Amino acid sequence: MNLNQTRLDEVIQAAFDAATSSGGRDAKRWGVAIAKAKQQLESNPFLHFDGDALLILSDSNEIYRANGSCQCRAFVNHQPCWHRAASRIVANYHRQQLPATTGN
Ligand SMILES: [Zn+2]
């Protein structure tokens, strides 16, 4: 994906801060997931955002379609996964590029 690195870093930092601010166990796991998402967004060429979900060819050669849900083992086990973290980051990235007419 063709993403502006500076903007991406801002979105990732905001997501990280939001996810980890509660300090609980899930917060820590989301922090790890977001760090992995950052790494993948910067290095994995097999990511595609279709406007709704992020399509991901994972390390294990599975294709996941992640938005609020995912098909990976972590999601099945109710754990944070980097696929969903990456999906949220990319969705936020694109949302914030829209003209700021809604006050968001
Ligand atoms: Zn997943």
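Helices in these legends are DSSP runs (H or I) of at least four residues, numbered from the N terminus; by this rule Arg-95 is found in helix H4. The views are drawn from a predicted model.

**Figure 1. Helix H4 (residues 82-95) is largely enclosed by the rest of the structure.** The 14 residues of H4 should span 20 Å at 1.5 Å a residue, and this agrees with the 19 Å between its end C-alpha atoms. Of these 14 residues, 10 are buried, so the helix is largely enclosed. The buried positions are Trp-82, His-83, Arg-84, Ala-85, Ala-86, Ser-87, Arg-88, Ile-89, Val-90 and Tyr-93. Their packing partners are two helices, H1 (5-20) and H2 (25-43), together with strands S1 (47-49), S2 (54-57) and S3 (63-66).

**Figure 2. Helices H1 and H4 cross obliquely.** Two packed helices are described by the angle between their axes and the distance between the axes. For H1 and H4, the axes come within 9 Å and cross at roughly 125°. An angle that is neither under 35 degrees, nor over 145, nor from 65 to 115 counts as oblique, and the two helices are therefore oblique to each other. Their crossing is right-handed. On the H1 side the contact involves Arg-7, Leu-8, Val-11, Ile-12 and Ala-15, which meet Arg-88, Ile-89, Asn-92 and Tyr-93 of H4. By class, the residues of this contact comprise 6 nonpolar, 1 polar and 2 charged.

**Figure 3. Helices H2 and H4 pack roughly perpendicular to each other.** The axes of H2 and H4 are 8 Å apart, and the packing angle is about 65°. Angles of 65 to 115 degrees count as roughly perpendicular, and H2 and H4 are therefore described in this way. The crossing of H2 and H4 is right-handed. H2 contributes Trp-30, Ala-33, Ile-34, Lys-36, Ala-37, Gln-40 and Leu-41 to the contact, and H4 contributes Trp-82, Ala-85, Ala-86 and Ile-89. The contact of H2 with H4 has 9 nonpolar residues, 1 polar residue and 1 charged residue.

**Figure 4. Helices H1 and H2 pack roughly antiparallel to each other.** The angle between H1 and H2 is about 165°, and their axes lie 8 Å apart. Angles over 145 degrees count as roughly antiparallel, and H1 and H2 are therefore assigned to that class. The crossing of H1 and H2 is right-handed. Leu-8, Ile-12, Ala-15, Phe-16, Ala-19 and Thr-20 form the H1 side of the contact, while Ala-27, Trp-30, Gly-31, Ile-34, Lys-38 and Leu-41 form the H2 side. The residues of this contact divide into 9 nonpolar, 2 polar and 1 charged.

**Figure 5. Within helix H4, Arg-84 is buried and Arg-95 is exposed.** A residue counts as buried when 20 or more other C-beta atoms lie within 10 Å of its own, and as exposed when there are 12 or fewer. Arg-84 has 25 C-beta neighbours inside 10 Å and therefore counts as buried. Leaving aside residues up to four places away in sequence, Arg-84 touches Ala-66 and Cys-70. Arg-84 and Ala-37 are 47 residues apart in sequence, and their C-alpha atoms are 8.5 Å apart in space. Arg-95, with 11 other C-beta atoms within 10 Å, is exposed. The C-alpha atoms of Arg-95 and Lys-28 are separated by 26 Å, and the two residues by 67 positions in sequence.

**Figure 6. Val-76 is an exposed residue of helix H3 (residues 73-76).** Inside 10 Å, Val-76 has 10 C-beta neighbours, so it counts as exposed. Val-76 and Arg-88 are 12 residues apart along the chain, and 18 Å separates their C-alpha atoms. Arg-88, a residue of H4, is buried.

**Figure 7. Asn-61 and His-78 have positive phi values.** Most residues other than glycine have a negative phi. Asn-61, which is not a glycine, has a phi near 65° and is found in the loop between S2 and S3. With 7 other C-beta atoms within 10 Å, Asn-61 is exposed. His-78, likewise not a glycine, has a phi of about 60°. His-78 is placed in the loop between H3 and H4. This histidine is exposed, having 7 other C-beta atoms within 10 Å.

How values were computed: Residues are numbered from 1 along each chain as its sequence is written. This is a predicted model: local features need pLDDT of at least 70, side-chain atom pairs count only at pLDDT 80 or more; totals for chains, interfaces and linings use all residues. The expected span of a helix is 1.5 Å times one less than its number of residues. Two residues are in contact if their C-beta atoms, placed from the backbone, lie within 7 Å. Axes are lines fitted to C-alpha atoms, for helices over the stretch in contact, and angles run from 0 to 180 degrees between N-to-C directions. A crossing is left-handed if the near helix is turned anticlockwise from the far one by less than a right angle, and right-handed if clockwise. Ala, Val, Leu, Ile, Met, Phe, Trp, Tyr, Cys and Pro count as nonpolar, Asp, Glu, Lys and Arg as charged, and the others, Gly among them, as polar.
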